[in-house]
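Here are a few short exercises to try. Have a go at each one before you read its solution.

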Amino acid sequence: MPRFSVIVPAYKVQAYLNECLDSVLSQSNPDLELIVVDDGSPDACGAIIDEAAARDPRVRPVHLPRNEGLGPARNAGLRTATGDYLLFLDGDDTLTPHALRAIADRLKETGEPDILVHDYARTDWSGRTVRNQAAIQLTERGPASFALEDRPGLLKLLTVVWNKTYRREFVEREGLTFPTGYYEDVPWTYPALMAAESIATLDRVCVHYRQRRRGSITRTTSRRHFDLFEQYDRVFTYVEQRPELACWRPVLFRRMVNHLTTVFAHRERLPRDARADFLRQARALCRRHHTPGHPVPLRSRLRHTLVQLGLRRTFHTLQRASALRRRTVKSLTRLLKSMGTAALRLHYRVQRRLPLRADRALFAAYGGRGHGCNPGALETAFRTHAPHIRTTWVARREHHHTIPAATRRVRPGTVAYWTALARSKYLVSNVDFDRRLVKRPGQILLQTQHGTPLKHMGLDLQERPAAARDTDFAELLRGVDTWDHVLSANRHSTLTWERVFPGRYRTLEYGQPRNDVFQQATSADVSRLRETLGVPEGTVAILYAPTHRDHRRSQHQPLDLERLLRALGPRYVVLARAHHAYGEPLTAGSDRVIDVTDHPSVEQLCLASDALVTDYSSIMFDYANLDRPIVLLADDREAYEAARGTYFDLRSFPPGAVARSEDELIDIFATGHWRGSRSAQLRSAFRERFCPYDDGRAAERVVRHVVLGETDLPPVVPLAERHTVPSAAAALGRFPLAGVPQPAGPRDGGSRDGGSLDGGSLDGGSLGGGSRLAGPPVVGSPAVDSPAVGSQPVGSPAVGSPVVGPQPVGSPAVGSPVVGPQPVGSPAVGSPVVGPQPVGSPAVGSPVVGPQPVGSPAVADRV
């Protein structure tokens, strides 16, 4: 008997059905049956269903001889279902990745409730995804289930069947079935919630609800919307037959009036000649089931009254008046905005004719975000080393709380902003200022950039239309012509900036000012930051910070953070930070997944964490300064390379272990490779190449040179002499052991057999499931050359040493050179690297034979 029966009715959805079925069959929890009901569809739905059944035995097709509607089609699926729990999905909607796994875990945690309510997101034809606005009702409150009396707000959710999971025994016991007609979900949803003895919630989007431009019931003009009256009659009949449910009548009455008002207000649903009849029947329905006692919000009272009284003309008159008011306000707003823009332009022209203020500096980051990044570090350095300069920060109002009290704050586009832009001698930003900027003689514009470039930038995007989109490259070069100085953290950045942003500026290879804090912070600072973020004492905090995908509208979420934490055990937490371009968090957060998307300082998050998991984000170059473990999750490398492109192959020169899938990432942590000696060696070589100047005084060097005119600048502290603050877990002298997960079946994005990956090599065979410590082995670490004979026990000190004989799965010695028979697909460690090498190596295009040590010219000089 499967755990889940997923029932999908299909009628005229041939364009979407394959995507729907794939979203179910590709779930990480494979214990399911997929019952697809062909509701007499005249298109290719039936053939698509049969093809899916031929490919996967979990698909159970049901063909109805004629179209009977959603309700009867779902009933046909119910009669076929054998799973413990039932889920319903429309043929044009999809399950989100790992949804069934999350549902299964929550069902187990809450003691097998009758109903589990989960969340959904609307997806429109443009690909835009918007989460349910009533998601607050799904807040999880511990492992205990509850009755509807404890959470009556659940009745406020959309009356649909597919945002819930139902225990099949409960459905059969209550005799729940779907009626015919439109709005068939109504007489199912309310009785199910009221009859359930135990309910639980899952605060996670499990369904993407497609909003089609045409063809959906809610966008169909038809008298069949009159079915709504009969459906609510069924609900109240159900309540009348069960006196113990009488307490729900006031709530149901208010919900009914809300629903009737919504249908009537959407003019596209009802034919013009049917609107008066609809309102008459609505008035009769309200009289039949009128139940006072539940308060109606003030803004809804008028609409409720008009519907209950059947005052159609009054209702339409108020609708027209409201529409006229909205149009008038919109027109006046446009007019006032145009007048304000013209006035600001005139003001800016006047200000440009006044003298420059040599004691003024204007700072901005990311076009109006808060105090941070390189401009934030430089603003602090201006106040420290050049106190005669008065600093001003440009930020939108919601970011003003991040700006220091000693710094003046202005909002973009205001009179104060244009005054500062015209009169300040120093202009500092990590992106371009307003394109209407007219740089004056004597003004100094310092472009700080915002990280070491891995992905293609500037003019290189001309060949990457997915990333460039509507970039005006002529306008880009006009902005470059205003730059006087550009900051660079390393030689790779210098060579890249000068090529992709060609101009007359001077490159200052002084380091990243934003990374100065890594050399200045103390253990007390780390403890304070962790306490502020809510990181439990004694836990390992993993900072998960993926980058933006130019080829995707929505966030790429290859990682199920809850599953990762279940595998690693209770002593691990995740700090989840989404890229600011998306404007929404990666996850809703939980006790062990802490959403830090809106935290103003990514540097503070780095200090508070014990390890970093990222993909292609430039945060890896900054984090390497802390000399803490870094793990890369490159599950979509080919797609990212095709859309954006990178300046070098991370597999050939990584800062640590590289995983190709979620399973491999879990293996890297479970086996300890994330903090092993091999990872430390890779990180050391990465730091040497990309962090030569980040010694804690980069901002000081910039201020002394640009503002004070000094040429004798503070010398750079060598890497070997820098002492960064240890992570909280490292300061304890121990890391908690992670649990070793059991295989969970095949996953998208990578194999579990330790095979090689398109030109990359594995470090010593299978890493407990195919994870990679990319790059060639480094000889010379204390335990590298000492032989270990025979099987080594877990925890053996000879980690990374040559091993003779077969090794147990998960042994710390996995990843080291192995002597003897190797598993199928594992590469030979230290084997020759044959074939063309990346551009930038000394012998481009020529074969390199023999193992190359990390840091040798053939590796370290690749760009």
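Patches are made of residues with over 30% relative accessible area and no salt bridge, where like charges are joined within 9 Å and nonpolar side chains (Val, Leu, Ile, Met, Phe, Trp, Tyr) within 5 Å. This is a predicted model, so local features need pLDDT of at least 70 and side-chain atom pairs count only at pLDDT 80 or more, while totals for chains, interfaces and linings use all residues. Residues are numbered from 1 along each chain as its sequence is written, and side-chain values use heavy atoms, leaving out hydrogens and water.

**Exercise 1.** Find the residues that make the nonpolar surface patch of about 420 Å².

*Solution.* Start with Leu 332, then add Leu 335, Leu 336 and Met 339, and you have the patch. Next, place Met 339: it's in helix α11 (residues 312–352). Finally, Met 339 counts as exposed because its relative accessibility is 51% (exposed is over 50%, buried under 20%, partly exposed in between, with a 1.4 Å probe and protein chains only).

**Exercise 2.** Work out how many residues of helix α3 (residues 70–80) are buried.

*Solution.* Eight of the eleven are buried, so to speak mostly covered. Among them are Gly 71, Pro 72 and Leu 78. Now look at what they pack against: the partners include β1 (4–10), β2 (32–38) and α6 (186–195).

**Exercise 3.** Find the strands that pair with β13 (residues 424–429).

*Solution.* First, β10 (residues 357–364) runs parallel to β13, joined by five bridges; Arg 357 stands opposite Ser 424. Then β14 (residues 444–447) pairs with β13 in the parallel sense over four bridges, with Ile 444 as the partner of Tyr 426.

Key:
Helices (H or I, at least four residues) and strands (E, at least two) are DSSP runs, numbered from the N terminus. Contact means heavy atoms within 4.5 Å. Accessible areas come from the Shrake-Rupley method with a 1.4 Å probe; for residues, only the protein chains shown count as cover. A salt bridge is a side-chain nitrogen of Lys or Arg within 4 Å of a carboxyl oxygen of Asp or Glu. Two strands pair if DSSP finds at least two bridges between them.
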